Amino acid sequence: MAGELSSHKVRGVTVRARRGGSGDPLLFLHGANGLPVWLPVFDLLSQHFEVIVPEHPGFGASDNPPWMRNIGDLAMYYLDFIEAFHYPVHLVGQSLGGWAAAELAVRNCTRLKSLTLLAPAGIRIKGMLPGDNFIWDAEEAVRNLYHDQSIADRILAMPMSEEDADLALTTRYAATKLGWEPRWFNPSLERWLHRINVRTLIVWGKNDKLFPVEYAKRWGDGIPASRVEIVPDCGHVPAVEKPDVTAKAIVRQYAETR
Amino acid sequence: MQFTFFHLMPYRPLDMTERHKHRAAWVVLPNSLYDPKKGADEYQSYIDQLVYAEKLGFDVIAVNEHHQTAYGLMPAPNLIAANLIARTSTVKIAIVGRALPLVNNPVNIAEEFAMLDNLSRGRIITGFVRGIGNEYHATGINPYWSHERFQEAHDLIVQAWTRPGPFAFEGEHFNNRYVNLWPRPYQTPHPPIWIPSMGSSETIEWAADPARKYPFLVTFSGRDLVARYLNLYREQAKQFGYECSPNQLGWASPVYVADTDARAREEARAGMESLFNDYLAVPFQMLLPPGYTSLSSMKNTMRIRKQLGAQKRHSLEELMESGTVVVGSPKTVRDELSALRDKTGASNLVTMLQFGVLPDDLAKRNMEMFASEVMPHLKD
């Protein structure tokens, strides 16, 4: 069944992953809240791709190797990871995952077919502070991610098992390790964005309360073959809040690479 | 017993209505609520109280470090310690403590303590802490590395005090090509190191290690927790193969003494309740940022928290009931303190005799009564 959990071992590190569909491989790197459930957007994408959604090392139930200390380590890990595929991959990253994807791409694009950054962390515009999702309480942290509060209501109403709560806590620790300081960015990343030489799509919710939508243009300016898509009535997670728009934009870019 | 007079130096003129419009009296509380003229008066009162404690016969006077908060006005406690050195003659001066993970060069802490130790001719007691979780919001230091940075900074500081310099320190977080303190500490091998803690098994095991045997102080905890943690330390020492001495064990508590129980309650109420509800209370996300505690203790904390439900204000009676604070007539206070001493074998009592909004006149009377009616009965 699409989205069932499997485990993948790369260079001695075992991570969990969800996968589904068939076609060219699409690697989706999740955000700070960890491995999502099999989302509607994955169903839409799996009509065109083999979608693989790994859980980052250190997050949830994946291995936490001691060398995993910063975002650069995560990017290098995923370079190892995509070498295991026979074909270059379409790389998609959400927020923290988008940051890791960009760090990977500035290092080496040879195994990438395209890049999609969904409201990525990773760069900083002075005077344009992100929201402080470490000081937000549990409810604020959910509400501030979505423009449509009925989505937040649904998420907040979902019961959580003790086991899932423990995994969420592990994920929160791992995200803190990577993003607390400097807060959600790498001071060096922006100056190397010109190294990204594959088609790149940048998608941003117009009502993002974590990273203001102004960041989208800055990413677009930095990456040569890029296109920016601003999604109206949408918060920080277009893949969840606007799955149709998000999938359509990714598929459109895919068509352009063929 | 050994008696310490400890001060947090709270900002008492705080507008509490304004305070509760914000998440906490920490980090996000606008500093426009701080009036420098009133603040200067606060410093003067508090330093006078610390100096007076020497005259009253306390063994140790103590200060500590907190950042960006009305809870305590000492982001740089060593500045206060330097002032106290000049105004006292024999009393020990404890800085309990400096928050080691929060600095980017721990050698600075080693240097400052060494200076104070020389200036005071060996009257300094140091304390090493990690800071409250709020401090990681205030400084930007990543709480995920809090434990690692603490261990490494500790090693660096103790080596700086004891190893002939210059030497190189090679760590994960701290790398110093030259470590070579001028001045070296006055005391040999180095000033005492106390470990104040809310109590965690990792900290207890580390402090009790025979290589360290650091005096351990349980802070802001009810009497059952104090007893539990101190007995854990004692057990840990036994497992290491030695019997821990009474001066390795201590606890810190706000105390108020008046001639009768009723009067003590009446006078202490506003100060005690403000300390816990207005100054100290902070949301969970600030108090325990991810990584500040180990993952396993955080998982337990989350479960307990889920059972407890929403936080509410603590009344003086609740705080007394749990033994988090000690309030009453001289006899009540003597009985309460000696009971916990007898139960734990601890000999190191750190008192907070000014707390929260407690005004100067009451703080002074409290100090005097404690010194004349309680201390002599509990001295060894």
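A residue is called buried here when 20 or more other C-beta atoms lie within 10 Å of its own C-beta. Keep that cut-off in mind as we walk through this structure, which is a predicted model. A:Ala119 makes a good first case: it has 28 C-beta neighbours inside 10 Å, and therefore counts as buried. You will find A:Ala119 in the loop that runs from strand S6 (112-118) to helix H4 (138-143) of chain A. Its backbone deserves a look too, since A:Ala119 is not a glycine and yet has a positive phi of about 40 degrees. As background, most residues other than glycine have a negative phi.

Let us step back and take in chain A as a whole. The chain holds 9 helices and 8 strands. Along the principal axes, its C-alpha atoms fill a box of roughly 45 × 40 × 35 Å. The radius of gyration of chain A is 17 Å, and a compact globule of 258 residues would have one near 18 Å, so the two agree. Of those 258 residues, 48% count as buried. The contacts reach far along the chain as well: among contacts in chain A with a separation of 6 or more, 74% are between residues 24 or more positions apart.

Now to the sheet. Its 8 strands form an open sheet in chain A with mixed pairing, in the order S1-S2-S4-S3-S5-S6-S7-S8. Strand S1 (5-10) and strand S8 (226-231) stand at the edges with a single partner strand each, which means that one side of each has no neighbour in the sheet. On average, and ignoring direction, neighbouring strands of this sheet are turned by 25 degrees against each other. In general, strands of a sheet pair through backbone hydrogen bonds, either parallel or antiparallel.

One pairing to follow is that of strand S3 (residues 24-29) with strand S5 (residues 89-94) of chain A: the two run parallel and are joined by 4 bridges. Here A:Leu29 stands opposite A:Gly93 in S5(A).

Further along the sheet, strand S7 (200-205) of chain A rewards a closer look. How many residues of S7(A) are buried? The count is 6 of the 6, so S7(A) is largely enclosed by the rest of the structure. Both of its faces are covered. On one side, A:Thr200, A:Ile202 and A:Trp204 are buried, and on the other side so are A:Leu201, A:Val203 and A:Gly205.

S7(A) also has a pairing with S6(A), in the parallel sense over 4 bridges; there, A:Leu201 is the bridge partner of A:Thr116. With S8(A), S7(A) again pairs in the parallel sense, this time over 6 bridges, and A:Gly205 has A:Val231 as its bridge partner in S8(A).

The helices complete this part of the picture. S7(A), H7(A) and S8(A) together make a right-handed β-α-β unit. Helix H7 (residues 214-222) of chain A lies across S6, S7 and S8, and runs at about 170 degrees to S8(A). Helix H9 (residues 243-257) of chain A lies across S5, S6, S7 and S8, running at about 155 degrees to S6(A).

Chain B offers some local details of its own. Where does B:Met9 sit in chain B? It belongs to the loop between strand S1 (2-6) and helix H1 (16-19). B:Met9 is buried because 23 other C-beta atoms lie within 10 Å. Its phi is near 60 degrees, a positive value in a residue other than glycine.

B:Tyr11 lies in the loop between S1 and H1 of chain B. It has 20 other C-beta atoms within 10 Å, so B:Tyr11 is buried. Leaving aside residues up to four places away in sequence, B:Tyr11 touches B:Tyr34, B:Gly39, B:Glu42, B:Ala70 and B:Leu73. B:Arg87, by comparison, is 76 residues apart from B:Tyr11 in sequence and 23 Å apart in space, C-alpha to C-alpha.

Finally, look at two peptide bonds in chain B, remembering that most peptide bonds are trans. The bond joining B:Val96 and B:Gly97 is cis, with omega about 0 degrees, and B:Gly97 has its place in strand S3 (residues 92-99) of chain B. The bond from B:Gly165 to B:Pro166 is also cis, with omega near -5 degrees. B:Pro166 is found in the loop between helix H6 (146-162) and strand S5 (167-170) of chain B.

Notes:
Residues are numbered from 1 along each chain as its sequence is written. Chains are lettered from A and ligands numbered from 1 in the order in which they are written. This is a predicted model: local features need pLDDT of at least 70, side-chain atom pairs count only at pLDDT 80 or more; totals for chains, interfaces and linings use all residues. The radius of gyration is taken over C-alpha atoms; the globule rule is 2.2 Å times the number of residues to the power 0.38. A residue is buried if 20 or more other C-beta atoms lie within 10 Å of its own, exposed if 12 or fewer, and partly exposed in between; C-beta atoms are placed from the backbone. Two residues are in contact if their C-beta atoms, placed from the backbone, lie within 7 Å. Two strands pair if DSSP finds at least two bridges between them. Axes are lines fitted to C-alpha atoms, for helices over the stretch in contact, and angles run from 0 to 180 degrees between N-to-C directions. A crossover is right-handed if, with the strands pointing away from the viewer, the path from the first strand over the helix to the second runs clockwise.
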